[in-house]
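Here are my notes on the model, as promised. Have the structure open while you go through the points.

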Amino acid sequence: MTLTKVDVGALLTRDCGDSITFSGPLYDARINTANFVVTPVGNVLLRPSDVVDENDVVVVHVVGDAQVVSRLAVTRLSEFRTPGQVSFVGQGLSLSPEKGADGAPLASRCVIRQFRVTDFAPGEKGEIQLALVDEKGAKAEVGKFDFGVHTLYSGAFSFGPVRTELRDPDIGTVTRSGKEIVTATEDGTPRVLYVLSFTPFMWGRRELEEPGQWYTHINPTISIVPAHVQDNAMLGLSIDVLNSFYLQGGVHAGRVRRLDTRSGLELGDEFTGTGDVPTVKEWDADWFVGLTVDLRAAVEFLKIAATGAGGG
């Protein structure tokens, strides 16, 4: 005896929701697992409230009649799949009923079967296909469902101002009692530099929508000054707030102007030479603190500021 196409459709749409129960968390971040309970035609009975991460294993629990669930293939749909191959549930398939030891058909029953699917493209819609496979290996889609997939980031770029204690004075002369005296002039306040920073997520890749453990927001950071890349480097710690703002602090190493000791001059000496007071660039270090903004948000802000300036 062979089941007809109508029989297949009836089995696919059989209501087994009340006879099968699912226990356990629908999303378990500890083992990166998301659970979906679906019917053979892709109707989602239970889904996690969390969006799936790109490194999660999606476990599909298919609840349905044993005769169709046992012949199901559950796979991730590719982005370039060929549409239109199957138009109706059960089209083109015929299934032989399960038989017992005596060769008689077994009574229809509801079961639940697990399928594990991985490797979903980040930032895109994840799609899962359910297909029936007949005795000849022919496959036909009977259902599908989709869900969002979070991108996991290894780090973040940010841009913004930092306040550094590393001074870079102007060295020159002032006239006192008719003499040129060597001086270093500065306004006495810390400098403000605009930096481009990279903060690697040392606790592992993470998505930006979920807060995660508090300690995962504390990471090392390295910064450069785009206007003077060759003269500055900053290394420290970063605390990200709301996944957009990065409070930073650490050591600023930079090449700053100093009086050339080879000239024999010291600050306060009379300068009797011609031209500029001889200076050199030397590496020095001091502390800095700053607040940078996620580079994506910073770019949008600068675009808005530029548009406003142009319009004014």
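1. Start with Val 241, which sits in strand E15. This is a predicted model, so read everything below with that in mind. Val 241 comes out as partly exposed, because its relative accessibility is 41% and the buried class ends under 20%.

2. Val 241 doesn't stand alone out there: a nonpolar surface patch takes in Ile 239, Val 241, Leu 242, Phe 245, Leu 247 and Leu 291. Together these residues have about 560 Å² of accessible area. Which strands supply at least two residues each to the nonpolar patch? Strands E15 (232-241) and E16 (245-259) do.

3. On to the aromatics. Searching the whole structure turns up eight aromatic pairs. One of them is Phe 36 with Phe 145, a tilted pair at 5.4 Å centre to centre with 40 degrees between the planes. Phe 36 belongs to strand E2 (residues 33-38) and Phe 145 to strand E9 (residues 139-150), so this pair ties together parts 109 residues apart in sequence.

4. Buried or exposed, what about the two rings of that pair? Phe 36 is buried at 1% relative accessibility, and Phe 145 is buried too, at 6%. Ring pairs also link Phe 36 and Phe 145 with Phe 120 and Phe 147 into a cluster.

5. Now have a look at Phe 157 and Phe 198. Their ring centres are 4.9 Å apart and the planes meet at 45 degrees, so this pair is tilted. Phe 157 is in strand E10 (residues 155-164) and Phe 198 in strand E13 (residues 191-200), so the parts being tied together are 41 residues apart in sequence. Both rings belong to partly exposed residues: Phe 157 has a relative accessible area of 45%, and Phe 198 has 29%.

6. There's a charge-over-ring arrangement worth a glance as well. Arg 206 lies over the face of Phe 201, at 4.0 Å from the ring centre.

7. Last stop, Thr 183. You'll find Thr 183 in strand E12 (residues 179-185). Its relative accessible area is 12%, so Thr 183 counts as buried, the cut-off being under 20%. What does Thr 183 touch, leaving aside residues up to four places away in sequence? The contacts are Asp 170, Ile 171, Gly 172, Thr 173, Val 174, Arg 176 and Leu 267.

Key:
Residues are numbered from 1 along each chain as its sequence is written. This is a predicted model: local features need pLDDT of at least 70, side-chain atom pairs count only at pLDDT 80 or more; totals for chains, interfaces and linings use all residues. Side-chain values use heavy atoms; hydrogens and water are left out. Rings of Phe, Tyr and Trp (its six-membered ring) pair if their centres lie within 6.5 Å; planes under 30 degrees apart count as stacked, over 60 as edge-to-face and the rest as tilted. Helices (H or I, at least four residues) and strands (E, at least two) are DSSP runs, numbered from the N terminus. Buried means under 20% relative accessible area, exposed over 50%, partly exposed in between (1.4 Å probe, protein chains only). A charge sits over a ring if NZ of Lys or CZ of Arg is within 6 Å of the ring centre and within 35 degrees of the ring normal. Contact means heavy atoms within 4.5 Å. Patches are made of residues with over 30% relative accessible area and no salt bridge: like charges are joined within 9 Å, nonpolar side chains (Val, Leu, Ile, Met, Phe, Trp, Tyr) within 5 Å. Accessible areas come from the Shrake-Rupley method with a 1.4 Å probe; for residues, only the protein chains shown count as cover. A salt bridge is a side-chain nitrogen of Lys or Arg within 4 Å of a carboxyl oxygen of Asp or Glu.
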